[in-house]
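Welcome! Here are a few exercises to help you find your way around a new structure, each with a worked solution.

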Amino acid sequence: MTVIQTRGLSKRYGRVVAVEDLNLEVWEGEVFGVLGPNGSGKTTTILMLLGLTEPTQGEARVLGLDPMREPLKVKARVGYLPDQVGFYGELTAWENLRYTTRLLGLPEGEAKARIEEVLRRMGLWEVRERRVSAFSRGMRQRLGLAEVLLKRPKVVILDEPTSGLDPEAAREFLELIKELKAEGITVLLSSHLLHQVQEICDRVGLFHKGRLALLGTVEELAQRVLGGGYEILVEAGPGLEEAFLGLEGVARVEAEDGRYRVL
Ligand code: ADP
């Protein structure tokens, strides 16, 4: 089943083309990676999927809903972890989540059960009485995911979820994403890290200057793994070389028989 679909989705900010003619499908239960260098249109795409910004042209469907027409329904069903998570620093982790359950209108018993469940899952149960201002970036990010899971979403959208995390915290967070997938939650995440999407995504769309330059499974992308680093062979295409070079984790791109070797 198709969970997210876009047709000719485009967004311009004045003369800046942020997203151009995007045709994308995300399938139920997969982890889909929106991969691209900074400025390639990842966040703008996500904002349009959530109904937070209006497309200049084209349309999006999320769980069959048009986010521009039914933003509340989309918000109720889709978990969104933005680039910068906002919490009330003076409140504890528990209090922050309790506030969210009030906004969601959950009855007290149900709210408490769900808060305990998500805090335990995110490894934050022991620190639930601590103020969020004392949390590390990694803890805040896990609390962000805990908050997202309170409403038991079928789809979760994560914008650069490991940016600013140290390698250990990033690895832990990727494990949590794998657990979401194991539970049947559809995940769309954006990243500028090639090795990250290779590790956790089923399919990847490579963005370049607002356009989808490449779309395929991770196996199609990563045909071989060589001692420590990845070697990827992809069909040569317009803009592809530049798009790969803009990613973190790519040292060079070599052309060879109509293919690129990305090292
Ligand atoms: P990414 O998430 O891949 O870094 P963005 O979607 O944030 O890319 O940005 C895509 C392009 O649109 C960039 O050129 C960026 O400068 C531009 N852009 C994004 N948001 C705005 C805005 N609110 N006003 C003007 N330009 C914007």
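**Exercise 1. Find which residues surround the ligand, and which of their atoms lie close to its oxygen atoms.**

Solution. Keep in mind that this is a predicted model.

Step 1: List the surroundings. Around the ligand you will find Y13, V16 and A18, together with P37, N38, G39, S40, G41, K42, T43 and T44.

Step 2: Look for polar atoms, using a cut-off of 3.5 Å between N or O atoms. For S40, a backbone N or O atom is 3.0 Å from a ligand oxygen. T43 also offers a backbone N or O atom, at 2.8 Å from an oxygen atom of the ligand.

Step 3: Check the side chains. In K42, a polar side-chain atom lies 2.8 Å from an oxygen atom of the ligand.

**Exercise 2. Work out the strand order of the six-stranded open sheet, and name its edges.**

Solution.

Step 1: Read across the sheet. The order is β5-β6-β7-β3-β8-β9, and the pairing is mixed.

Step 2: Find strands that pair on one side only. These are β5 (78–81) and β9 (211–217), the edge strands.

Step 3: Consider the twist. On average, neighbouring strands are turned by 15° against each other, direction ignored.

Step 4: Zoom in on one pair. Strands β3 (residues 31–35) and β8 (residues 203–208) run parallel and are joined by four bridges. Within this pair, V34 of β3 faces G205 of β8.

Step 5: See what lies across the sheet. Helix α6 (residues 167–182) lies across β3, β5, β6 (155–159) and β7 (186–191), and runs at about 150° to β7.

**Exercise 3. For helices α3 and α5, compare the span with the expected one, then find the buried residues and what covers them.**

Solution.

Step 1: Take α3 (residues 93–104). Its twelve residues reach 17 Å from first C-alpha to last, close to the expected 16 Å. G105 follows this helix, with a positive phi near 75°.

Step 2: Ask what is buried, meaning under 20% relative accessible area. In α3 the buried residues are A93, W94, N96, L97, R98, T100 and T101. Their cover includes α4 (108–121) and α5 (137–149).

Step 3: Repeat for α5. This helix has 13 residues and reaches 19 Å, close to the expected 18 Å.

Step 4: Count the buried residues of α5. Ten of the 13 are buried, so the helix is mostly covered; among them are G138, M139, Q141, R142 and L143. The cover here includes β5, α3, α4, β6 and α6.

How values were computed:
Residues are numbered from 1 along each chain as its sequence is written. This is a predicted model: local features need pLDDT of at least 70, side-chain atom pairs count only at pLDDT 80 or more; totals for chains, interfaces and linings use all residues. Side-chain values use heavy atoms; hydrogens and water are left out. Two strands pair if DSSP finds at least two bridges between them. Helices (H or I, at least four residues) and strands (E, at least two) are DSSP runs, numbered from the N terminus. Axes are lines fitted to C-alpha atoms, for helices over the stretch in contact, and angles run from 0 to 180 degrees between N-to-C directions. Contact means heavy atoms within 4.5 Å. The expected span of a helix is 1.5 Å times one less than its number of residues. Buried means under 20% relative accessible area, exposed over 50%, partly exposed in between (1.4 Å probe, protein chains only). A residue is near a molecule or strand if one of its heavy atoms lies within 4 Å of it. A polar contact is a pair of N or O atoms within 3.5 Å; within protein, one must be able to donate a hydrogen and the other to accept it, and residues adjacent in sequence count only if both atoms are side-chain atoms.
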